Amino acid sequence: MRWLLNIWRTLTKPAKYLTLGTISLSAFLMGIIFWGGFHTALEATNTEEFCISCHGMESMPYQELKKTVHFSNSSGVRATCPDCHVPHAFGPKMARKLEASHDVYGWLFNTINTPEKYNAKRLEMASREWKRFDQNKSLACKNCHQYESMKWDSMSKLAQKQMKRAAETDQSCIDCHKGIAHTLPDMGTARAPELIAEVGRGVSGLQVGQTYFSALTKPLFFNDKTDVEAGTLNIATKVKILEVKGNRAKIGIDGWRKKIGAGRVIYYDFGLNILSAQLTKDAALEEGVIKTFEEKEDPMTGLIWQRVEADIWTDSDYLLSDLQPLWDYAQSTYDTSCSVCHTQPAPAHFDANTWPGMFQGMISFVNMDQDTQALVQKYLQEHSSTFDKSAH
Amino acid sequence: MNRRDFLKGLVGTSYVVLSGSSVLAPLNALAASGADASDGWLTTGSHMGAFKMKRKNGVISEVIPFDTDMYPTDMINGIKGLVYNESRIRYPMVRLDFLLKGHQSDTKQRGDFRFVRVTWDKALGLFKDSLDLIQTKYGPSGLHAGQTGWRATGQLHSCTSHMQRAVAMHGNFVKKVGDYSTGAGQTILPYVLGSTEVYAQGTSWSLILEHSKTIILWSNDPYKNLQVGWNAETHESYAYLAQLKEKVAKGEIRVISIDPVVSKTQQYLGCEHLYINPQTDVPFMLAIAHEMVEKNLLDNEFIEGYSLGFDKFLPYLQGQTDGVEKTPEWASKICGVSPEVIRDFAKVLTKDRTQILMGWCVQRQQHGEQPYWMSAVLATMIGQIGLPGGGISYGHHYSGIGVPSSGAAAPGAFPRNLDDGQKQLFDSTDFNGASSVIPVARWIDSILEPGKTIDANGSKITYPDIKMMVFSGNNPWNHHQDRNRMKEAFFKLECIVSIDMNWTAACRFSDIVLPACTTFERNDIDIYGSYANRGLLAMQKMVEPLFESLSDFEIFTRFAALLGEGKAQEYTRGMNEHQWLEMLYNDCKASNEGKFEMPSFEEFWKAGYVYFGEGKPWVRHQAFRDDPEINPLGTPSGLIEIFSRKIAHYEYDDCPGHPTWMEKVERSHGGPGSKKHPIWLQSCHPDKRLHSQMCESTEFRETYTVKGREPVYLNPEDAKKRGIKSGDIVRVFNDRGQLLAGAVVSDKFPQGIIRIQEGAWYGPVGKDGSKEGGAEIGALDSYGDPNTLTLDIGTSKLAQACSAYTCLVDYEKYQGKVPAVSSFSGPIEIAL
């Protein structure tokens, strides 16, 4: 019991003015008061009221939010700015608050105080937010929306299909739901917005040696810097990453070409008019771009085909690790768009080389942008009777 | 007692025949009683164009063309008569014997037109029970619900989409591929020019007018056929035809119509005529090609750079492969064009910029692939494909092709397909080893010879054993060939369901008939101008559905409800007519965001239309011409295929590897069969109808009929030989059938040729003209449907398409008992 007595003595022993106990107690109380104040102050910056006290925030993003289901809905539950834009856990919240110095700078120097200025920075700001959402698989969304609690039966069949697939991989919500609370930025060159909303803008951090698939028809370049185009990579084409430098990647495209003209067009496989890439004349003739292998005559046309590999540069965006989302999008677009006038033939009704003629012969009636057209045609070709022998 | 007397007895004793209720006045009155009383002008449209309709006292009182329609068709005068019509299906009805005996009914009675009125619940219940029975007993190969055709316009209420979605919720079924209009063309041209061409946008008229020096109308009558379109037609093509007429008058453009008859377009333009014997375009074309080679009039550079296989075709042309050199002298004996004219024509084609405009008729005959293929070869030899005002088109007579597209996004439509993951009541996909998709015109063959395997487009097709058909807004008893053969096939069917607004012949030969309302009894939206895509049109409901008719949307929502709990909701995706329209509009608006200004749905509906503006002129195949490597055609080689190795490797005797002249099973002017039946029957697209749509519109029909019958156009000398003058009733016949029609004697029709336009409603009566016996094989058609006489064979093993133009007949002045026309009066209503 002696040690207990010693402690008591130490604590009760008068210091110069106060006992250590008194000091500790006061410190403890002070701590509570200080923490309370800090917390109150912090929480004050964590209210919507605070967020929209800046003109820039009130006049643009807040007004946009007000038009969405996250602001007004039948259940009366709503999301405020910090619910989505500030992490709920302490550590990340602190980190986010430190980052917010950015916002203060913006406020001080009026960088987004007019709609024009706001729109000019919209893509930059949105991209930062999307990246943040991606880093924790859209945790901010999942604080309210959980895959486990979703009632599949009350969803439409289409939503079910998409959501179940997303749930399997615990997919980040923002992958598909960009623009759910604020106006989508003008993506500039981003084409086929519905398609991209579905399949995303590609993976970040391409792995050398891995294969990827193009989510759009993409420009090709001679090297990692130049803007001089060397051709185009068709949508849904498999490429291998050979090298990554900054925002460019050197890719290898395997395929076959017809030995006519300059041999600028690379197709998916021997004798199949499934487009992989088209090169400019200069690129096709440039040393080191095209490696050539064996040659064969196509019995259906009498043309000579040659196996090739093109090694060439492209921007590192819009490259997907998985082809299936592209096919899913193509299939649903085909089924919907091509059944307005007639029953759409099954993809395996024609062979790969007949589809371009059939598809191009009907396309005037159909409502698809260029990328989607190219994708649907490729989907039909790669699911044609050439590959799927189940028809008839 | 013979069967007919027995039937008469049945009707007389066991059942009461309800006397046919009188027509227009009561219809109007009935309409008025149930209608919205608000009057005024509303906007709507149809295949015939956009128009304004006036509603007065709850009935449609006036129809006038839309303000933007500078060249309206006079068919709009027939619109009102479609709504208030003695042929209207007033309530659900079931064929008498089917109601009594179901799938064990006497199918030979089908077509006797005795029907019993039932409730909607009863009719839809019978429909569903029949589907259950078929799926259980035979599986999906027993059901064909894929025989679809032209419908009424409207993106939401498109009747074929509704029927196919609902029936697919029940189970799977046999479907078709191709269509009757362009079956051979849309199959051969992808091999040759890399696209269907028939449905592809063509070089803009403005560029043709600017650059062409010569325009060839090849069996092509755009002035007649551009009156209608797949969507609400804008009729803008007519402005260009008017300019062309001026240029022809001034001698700036030479237009030559190659045709057995003087077409409506030729008469309008005042252009030249080059007569050719029917079905002999290929020998004529071969001889032109021969002459081009002889006189070196061909563009060798173009042939070399843009096509494949000319070297394999040349030996045939020069007679090295078959011992027959395709000289103008050789061709002249077949096609009836003198060697001098052929030689001169080769010069005409190659002298200056020449635009060839092909019609669709020449491919609707046996070996119909060949004239299309050979015309592409001619155009390649001329070498102007891809130049403004040069080359070849297969569509300038259709739906405004040649009017530049606005480029706006068009609205979507109510889905034809099941939604992802939707469960079917019967989900079997086992077609018993038969094909699930058959060429469109081969379904009667399939019913008659189930299990038979045929060649089609490089594949083998095995005919399914079809036991039940469902038709919606579709009248195969117009567009299919050979009525008596159809009857034989229909004897074998257990159940036929038709959903339509008026009593078409297809309804007459059905077991369950469901009344759909007309376009003007529901709200919808349509694309204004199929290829022009000039804007969106509001189709505003004029009156409530007449009698017990319902919209297709409502019919199949009720049907879906029979499939189980929540199925109606699944069918409609939980949205009503208004919500669907608003969604289709807003989706379209979103797609056009930033490109084409579209007001809110409410504002659009109030205005009645949105205008997207005009498109930019465009040249077909220009990109290919500019760079054939980067912009290859959709052919196997990417080039024009004069010789197709792919087709050659199918080894079809009736479609070899290059264009070939093959004799027809029937051909006039000295060809096979012409001794027995010397007259060629031309059954072209009608001038006053869209196929069979509008034939029932009484007052409008009476503007062109002869003694109440469809006109048959006769050559004066042929008619005189037979003692026939205009206004006489003529019996047209061959070994396949017989019909009555009203004579119009006209020098526009050369000897050995008659014209009866397709789309005339089949109205069978007894063989000898008596009222009874219309259901029997050999019946006399009282109105004049040319497909009573046409030949039901495939064009070839390639396309297996319809060959209606290979048809010989003879005719005489009708001396027998003149029957009343039986096509339009609706059924004999029996009360049980």
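The exercises below, each with a worked solution, concern a predicted model.

**Exercise 1.** Determine how helix 12 and helix 14 of chain B are oriented relative to each other, and which residues make their contact.

*Solution.* Two packed helices are described by the angle between their axes and the distance between the axes. For helix 12 (residues 281-294) of chain B and helix 14 (residues 310-317) of chain B, the angle is about 105° and the axes lie 11 Å apart. Angles of 65 to 115 degrees count as roughly perpendicular, and the two helices are therefore roughly perpendicular to each other. Helix 12 of chain B contributes Leu286(B), Ala289(B), His290(B) and Val293(B) to the contact, while helix 14 of chain B contributes Phe310(B), Phe313(B), Leu314(B), Tyr316(B) and Leu317(B). By character, the residues of this contact divide into eight nonpolar, one polar and no charged.

**Exercise 2.** Describe the surroundings of Glu329(B), and decide whether this residue is buried, partly exposed or exposed.

*Solution.* Glu329(B) is placed in helix 15 (residues 328-335) of chain B. Its relative accessible area is 35%; since buried means under 20% and exposed over 50%, Glu329(B) is partly exposed. When neighbours within four places in sequence are left aside, Glu329(B) is in contact with Pro339(B) and Arg343(B), and its side chain makes a polar contact with the side chain of Arg343(B) at 2.9 Å.

**Exercise 3.** Identify the residues with the most contacts inside the largest nonpolar core.

*Solution.* This core has 106 residues, and those with the most contacts inside it are Trp218(B), Phe284(B), Ile288(B) and Phe345(B). Its largest share, nine residues, comes from helix 17 (residues 369-382) of chain B. Beyond its neighbours within four places in sequence, Phe345(B) is in contact with several residues, including Trp218(B), Phe284(B) and Ile288(B).

Key: Residues numbered from 1 in each chain as written. Chains lettered and ligands numbered in written order. Predicted model: local features only at pLDDT ≥ 70, side-chain atom pairs only at ≥ 80, totals over all residues. Heavy atoms only, no water. Axes fitted to C-alpha atoms, helices over the stretch in contact; angles between N-to-C directions. Helix = DSSP H or I, 4+ residues; strand = E, 2+ residues; numbered from the N terminus. Parallel < 35°, antiparallel > 145°, perpendicular 65-115°, else oblique. Contact = heavy atoms within 4.5 Å. Nonpolar A, V, L, I, M, F, W, Y, C, P; charged D, E, K, R; others polar. Buried < 20%, exposed > 50% of the residue type's maximum accessible area, 1.4 Å probe, protein only. Polar contact = N/O pair within 3.5 Å; in protein donor to acceptor, adjacent residues only side chain to side chain. Core = buried A, V, L, I, M, F, W, Y, C linked by side-chain atoms within 4.5 Å.
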